[in-house]
Structure formats: structure tokens, C-alpha cells
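Biologist: I would like a close look at a single part of this model. Please keep it brisk.

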Amino acid sequence: MDTVRFEEFGLYPQLLKAVQEMGFEEATPIQSQAIPVMMSGVDVIGQAQTGTGKTAAFGIPLLMKVDPNNRNTQALVLSPTRELAIQSAEEIRKLSKYMHGVKVLPIYGGQDIGRQLKALKGGVTIIIGTPGRVMDHLRRNTIHCEDISTIVLDEADEMLNMGFREDIETILSYVPDEDRQTVLFSATMPKPILDITHNFQHDAVTIKITKKELTVPSIDQYYYDVRRNDKVDVLTRLLDYYDPNLSLVFCNTKRMVDELTSELQGRGYMAECIHGDMKQVQRDRVMKNFRTGRTDILVATDVAARGIDVDDVEAVFNYDLPQDNEYYVHRIGRTGRAGKSGKAFSFVKGKEVYKLKEIQRYCKTKITLQPIPSLDDVSVIKAEKILDGITRIIEENKLDDMIDIIEQQVNHADYTAMDIAAAFLKQAIGGVELSRDDRAADDAIYGDTGAEEGMVRLFINIGKSQHIRPGDILGAVAGESKIPGKLVGAIDMYDNYTFVEVPIEYGKDVLKAMKNVKIKGNPVNVEPANSR
């Protein structure tokens, strides 16, 4: 099927602006088919798997249909779980960012109903709720249905599995049938779903996105638990550790592609980017550089990467998890080609773990949690590769002239040949790293401070009560100790004290630099923290 860009749907300019700001370049298959059909106003039955972009598939038509000047509720979306309700509401809010007057509210059990009542009283355009809590509000007469013209059942089969059939049918009976658009999305179509479609829909258009047989290449697949602010550091560490010949890094938005490419280039990596805003001549130049090895890291969006056909890609990085599960397969299929080995790495945090599990089920593949390599690990692997190269040089070259130079240096200085070799190795690795023994010694000095691996957690005797903000702590620690601010880890502030994490190799420098320092006029005392 031909791809469809969002500009082709005839969306309101403010809605299209939000879509573009979110970085979406083209519609997924369910979006391509469902958006124009829903915008026509007919009832819809959409059969598609989870993780195919369904929220935007119904969210965009809803926003095209509602009247921002009408304070009454005009659309109702039913979701099986509070998590999905919150997630859908967040996405529709982003889509409605420039549509002033449109209010989106998730309502679900477990949240203070008083807060929901207050929000409903203020006027809500689109409600996304779980059946039980929506029923509760309907009984209280706190959700008014007279202006609701569209109702969406999202993941209808899951709601039925959870025992919500009677609630769903009752809710549908509350919403005026005349001129109502009823939209149903479901991964499967069991008989109870078909009963609902027969009883509550009229001449519905069926859209079916068939699940393709996905074959995941035989490559090693790993994921890392990475905080958003640490992604660049982890990416560069993995690039240094595995040292792949060619690497593809995928981001979900054009803006993220640009930002990450600039960051990598600033750190000395041979990286270039490719996305939908680039002219064809620019894309051709970037691809030529990538194919010939002049660029060894290509940062891309899914759409722009579609035409990449390079056999020597050794690693694929999912800097952002893909919007569509199917994209995961397309992404990692760029490596492990022509009988060669390949690796795929994904960065996840928090609720994204559920998305990753979804991808594993969908693709019938195994993605293994992997510890992030330490700086020492990187140094050791670099040294091994350098020594392998030195072995080849020794075996393949005559080194008499070089040996003469080394011997002269040894004869005229208090160094041994071993000292000189060690210094060359240190220089080749690219910096002076702490040894494992030094790290062990530091661990012994600090004890267990409750920090994550490779970090030390420090206690500072001021906090919120002294009108201190995290930025003040970061500025003082980085400014006084001269360590890069991006290396400073978690900052946890309390009323009268603060905890801050710094790399363990900088712990002594920070403790020394922070002596006799004042933050906003407050004298501070900094010391290693006790275990949490």
C-alpha cells in the first residue's frame, strides 16, 4: 500500500502543526485508512493489533469534528485500563495543542472522583475513560451526553475479556442514537463484538489491517534501562564498547534526529542524519557517505530510512522505541544481512517496558535486558582492540627504526620500554581512566551510598526550605569542581537537605571543591551519603 502523509488528509492547520511538531512524517496503515473514513462521519469497525498507532487514527478525526466553542462533551472514548486511558488522553492533548478551547480529560477508577467532578463541571470536549468510572459518572448525571456525537470503543475485545459488556451496552444506550458515529477498534472479532456492532452501529465500514508474518532476523537483541537524560551517554558508551563498522540509530521525530546528530558530532563521532525534511540531493550525499564508510553512524527516522539498503550495518539502535510494532522489525532488519552477524539495542524507561513486551509478543522474538558497560569495560575492550592491531603491525612490518627511537628514549630518561608502551596505550584509548583497583579503593572510601553503579551519592545540608532549586545544586557542583554538568546524576531535594549523584571517579574532586562554598548565601557541608 502507498504511504500517506498527514498533509494529504486536509487537516486544520493548527492540527497539522501539532502532528508535525510531534514528528510524525507519514500515517501508519490503520491511520491511512481509518482517518479519512472516520472524517466522513460513518460508523467504523477497525481491526488492528495493539501498537499500530490507533490513538491518532481516531484522535485526529475526533479533533476535526469537535467544536472548540462548545463547552459540552462531544466525544467519548472507552478504554479497558487506566493506563491506556491516560496514554490516549496524553496523545490527544498533544494533537490538540494549538486548538484553543478543546479540553481532554481521562477518567478512571482509583483517582479522586472529586477532582474529576471539578474538571467535568468546567467543561470537557473529549472524555477518555474506563467503563466502570464512566458508568459511575453517568449514574451521578455528571457526564452529559446530549452533545456527544462520536463514541469510540478502543480495544473492545480487551474490555469484553475484562467483563465490561453490560457496562458498554449501558453506556451506548445513554448516548443519543440519532446522528451518532460509533467507532470500534479491536484486535479480534469474537461473537460478542459482532453483537455490539449489529446492535449499535449502522452500515459500518470495516477496516482490517492484517497482521503480516513477521520474520525477525537472527541477530542479538538487547535492551537497556536508560533514563532520558542519559541516553546520549549510554549510546556513545555502547558505540565505544562494540565499535561497530556501520551503525543505524532510529529516533521517532525529525527534531530528535537533528539534536542527536549534533550531539554526536560535538563528541567527535562521524555521524550524519536523514529525515523527511531533507532535499533529495542532501539524502543522496548522506547515503553515499554512509555506504562508502566516510560516515559510520546514520541517525534516521523510520520513513527516511526506508530506502537504506546497506549490507555492512553491524548495529541498530532504537534510541526511541518505534510508534508501530512492525517498524521494529523493519529497523533491526537493516543489520545481520548477507549472512553477517548483527546486534540490535533498544533504550527503554518506565512504562516503555510494557511497549517492549508488546513488541516481543508481536514479533515473537526475545529481547534481553543487558547491563550498561562501565567506563572500565569500555577501556578494557578498547585496549584489547588496540593490542590486536599492534600484533598485526608487529607481524606485518619491519620496526627497526621505531625500536631505535624507543631505545634512545629509554637510554636518556628514567623510563622503561614498558612505561613507554603503557603511555602509548593510554593515549590510544583516549583518556586516563580509573583502574578497577582505584574504583575498588573509592568504593571502600565511600561505602554504600545508595547510588547507582559507577556513581557516588553525596549529602548536602540545604534544600527547599532555603529556596534552593535543583539548578542551583547542579550549577554549584559542576561549576566548583569543573566536571561537565551532564555527568551529574540524580538530584533529590527535600526540605532541609539534598542528595546528588556524581560519577565515582569525580567524588573526591567534588568533595574537595565544595569545601567552604556557599549556595545562595548558605554555607554548605557536603559528605558521602549513607545507604538509602
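How many bridges join strand 15 to strand 17, and which way do the two strands run?

Modeller: First, the ground rules. This is a predicted model, in which local features need pLDDT of at least 70, side-chain atom pairs count only at pLDDT 80 or more, and totals for chains, interfaces and linings use all residues. Residues are numbered from 1 along each chain as its sequence is written, and side-chain values use heavy atoms, with hydrogens and water left out.

Now the strands. Six bridges join strand 15 (residues 455-460) to strand 17 (residues 498-503), and the two run antiparallel. Strands here are DSSP runs (E, at least two residues), as helices are (H or I, at least four residues), numbered from the N terminus. Two strands count as paired if DSSP finds at least two bridges between them. One bridge links R457 to its partner E501 in strand 17.

Strands 15 and 17 belong to an open sheet of four strands. The order is 16-17-15-20, with antiparallel pairing. Strand 16 (491-493) and strand 20 (526-528) are the edge strands, each pairing on one side only. Neighbouring strands of this sheet are turned by 25° against each other on average, direction ignored. Axes are lines fitted to C-alpha atoms, for helices over the stretch in contact, and angles run from 0 to 180 degrees between N-to-C directions.

A helix also lies on these strands. Helix 19 (residues 470-481) lies across strand 15, strand 16 and strand 17. Contact means heavy atoms within 4.5 Å. Helix 19 runs at about 130° to strand 16.
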